[in-house]
Every structure is written in C-alpha cells, then in structure tokens.
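Please examine the chain shown below. The report that follows moves from its surface to its strands, its core and some selected residues.

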Amino acid sequence: MKKIVLAAIVALSLSTVAFAGHKHHYDNCNGCQSGYQNTYQGGFQGGFQSPQITVKQALSAKDNTMVTLVGTLTQQIGKDSYIFSDGTGEIKVEINKRLWNGLSITPKDKVRIYGKVDNETFDFDRIEIDVISIEKI
C-alpha cells in the first residue's frame with residue numbers, strides 16, 4: 001500500500017513539474033508588467049483574389065463564382081437589397097448590414113464590391129451577388 005501511495009505522489013509531482021514548464025500562447029507578454037497582452041497578428045493581407053468583371057459578365061457567370069465589381073449603388077430595393085450598376089448593366093446585390101462598418105454611400109459614390117454570384121434562386125432569370133465586402137473608392 002505504501003508503494004502505491006508513494007508512486008502516486010511521485011507521478012503527481014512529476015506531472016506538475018512538466019506542466020509548470022509549458023508556456024501557453026497567452027503567456028507571451030514580451031516583458032509586460034502584468035496581465036495579458038495579445039500578440040496575435042492579423043491574417044492574410046493580400047485581399048480577395050477574384051477577377052474584376054463587369055455586370056454584363058456577372059449576369060452570365062456560373063453560380064458561386066467569386067467576383068469583384070466596380071460601380072455605384074443606384075437604389076435600395078429592400079432591407080439588404082440594392083441595385084448595382086457599372087455602365088454595362090444592373091444587378092441586384094445583397095449587402096448584410098454588418099458589412100457597412102459605418103460606411104456611408106450615395107448613388108454618386110464609386111464602390112468596389114467583392115462577392116459571390118448567386119443564381120440558384122427559384123426565379124431562374126434573376127441573378128444576384130451575395131456581397132462579402134464593400135469599400136468606397
């Protein structure tokens with residue numbers, strides 16, 4: 001019985017020593033006085049790698065094709081729905097309110113949108129862009 005208790009104490013003390021030497025990702029304070037300092041950097045900074053195309057080309061693109069469009073939002077037609085135009089045509093775009101990030105856009109402002117072609121709607125003649133990112137240029 002004494003051997004089992006002694007073995008348990010030795011095992012417990014060795015595991016405590018092993019864990020005490022482990023440095024967690026949040027322990028990297030680089031000399032900070034106290035508390036937690038986040039040392040993570042941002043992710044990929046290269047932007048979206050989708051081709052810039054025209055609305056006319058987007059209207060004939062395959063479903064789920066990633067695209068970049070440059071033009072203007074001409075009108076709001078629903079809560080998250082807008083008409084986008086670039087001079088070659090018009091297309092409906094869906095922009096979730098969380099994507100605006102305080103950005104104010106008028107029909108006179110030129111914008112770049114990154115998104116995905118959605119032509120799987122029940123109305124097969126209607127193609128739209130599900131916007132992932134919008135920026136004023």
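About 10000 Å² of the chain is exposed, and carbon and sulfur atoms supply 55% of that area. Of the 137 residues in the chain, 26% are buried. The model is predicted.

**Confidence**

The mean pLDDT of the chain is 78. A value of 70 or more is reached by 61% of the residues. Among the elements, helix 1 (residues 2–20) has the lowest mean pLDDT, at 60. Strand 2 (residues 81–85) has the highest, at 97. Over residues 22–36 the pLDDT is below 50. Beyond near neighbours in sequence, that stretch has ten contacts in the model.

**Fold**

The secondary structure comes to two helices and five strands. From the N terminus on, the order is α-α-β-β-β-β-β. Contacts between residues at least 6 apart in sequence include many long links: 52% of them join residues at least 24 apart.

**Strand 2 and its partners**

Strand 2 pairs with both strand 1 and strand 3. Strand 1 runs antiparallel to strand 2, and four bridges join them. One bridge matches threonine 72 with serine 85 of strand 2. A hairpin of four residues connects strand 1 to strand 2.

Strand 2 and strand 3 are also antiparallel, with five bridges. Here phenylalanine 84 has isoleucine 91 of strand 3 as its bridge partner. Four residues lie between strand 2 and strand 3 in their hairpin. In that turn, glycine 87 has a positive phi of about 95 degrees.

How many of the residues of strand 2 are buried? Five of its five residues are buried, and the strand is mostly covered. Ser81, Ile83 and Ser85 point one way from strand 2. Tyr82 and Phe84 point the other way. Both sets are buried.

**Core and aromatic pair**

In soluble globular proteins, nonpolar side chains tend to be buried together. The largest nonpolar core in this model has 21 residues. Those with the most contacts inside it are Leu69, Leu73, Phe84, Ile91, Val93, Ile95 and Ile129. Helix 2 (55–58), strand 1, strand 2, strand 3, strand 4 and strand 5 (128–136) each give two or more residues to this core.

Isoleucine 95 can be followed further. Leaving aside neighbours within four places in sequence, isoleucine 95 is in contact with Leu73, Asp80, Tyr82, Trp100, Val131 and Ile134. Two of these contacts, Tyr82 and Trp100, also form an aromatic pair with each other.

The structure holds one aromatic pair. Tyrosine 82 and tryptophan 100 meet edge-to-face, 5.7 Å centre to centre, with 70 degrees between the planes. The pair links distant parts of the chain, 18 residues apart. Tyrosine 82 is in strand 2, and tryptophan 100 is in the loop between strand 3 (90–94) and strand 4 (111–118). Tyrosine 82 counts as buried because its relative accessible area is 11%. Tryptophan 100 is likewise buried, at 16%.

**Residues from buried to exposed**

Three further residues are set out here.

| Residue | Relative accessibility | Class |
|---|---|---|
| Threonine 68 | 4% | buried |
| Asparagine 64 | 45% | partly exposed |
| Arginine 98 | 61% | exposed |

Threonine 68 is found in strand 1 (residues 66–76). Its contacts, leaving aside neighbours within four places in sequence, are Ser50, Pro51, Gln52, Ile53, Arg112, Ile113 and Tyr114. Threonine 68 is buried because its relative accessibility is 4%, and the cut-off for buried is under 20%.

Asparagine 64 lies in the loop between helix 2 and strand 1. Which residues does asparagine 64 contact, leaving aside its neighbours within four places in sequence? They are Lys116 and Val117. Asparagine 64 and lysine 116 are 52 residues apart along the chain, yet their C-alpha atoms are separated by 5.3 Å. At 45% relative accessibility, asparagine 64 is partly exposed.

Arginine 98 sits in the loop between strand 3 and strand 4. Its relative accessible area of 61% makes arginine 98 exposed. Arginine 98 and serine 133 are 35 residues apart in sequence. C-alpha to C-alpha, arginine 98 and serine 133 are 9.9 Å apart in space.

Key. Residues numbered from 1 in each chain as written. Predicted model: local features only at pLDDT ≥ 70, side-chain atom pairs only at ≥ 80, totals over all residues. Heavy atoms only, no water. pLDDT = per-residue confidence, 0-100. Contact = heavy atoms within 4.5 Å. Buried < 20%, exposed > 50% of the residue type's maximum accessible area, 1.4 Å probe, protein only. Phe/Tyr/Trp six-rings, centres within 6.5 Å; stacked < 30°, edge-to-face > 60°. Core = buried A, V, L, I, M, F, W, Y, C linked by side-chain atoms within 4.5 Å. Areas by Shrake-Rupley, 256 points an atom, 1.4 Å probe, with all protein chains shown as cover. Pairing = 2+ DSSP bridges.
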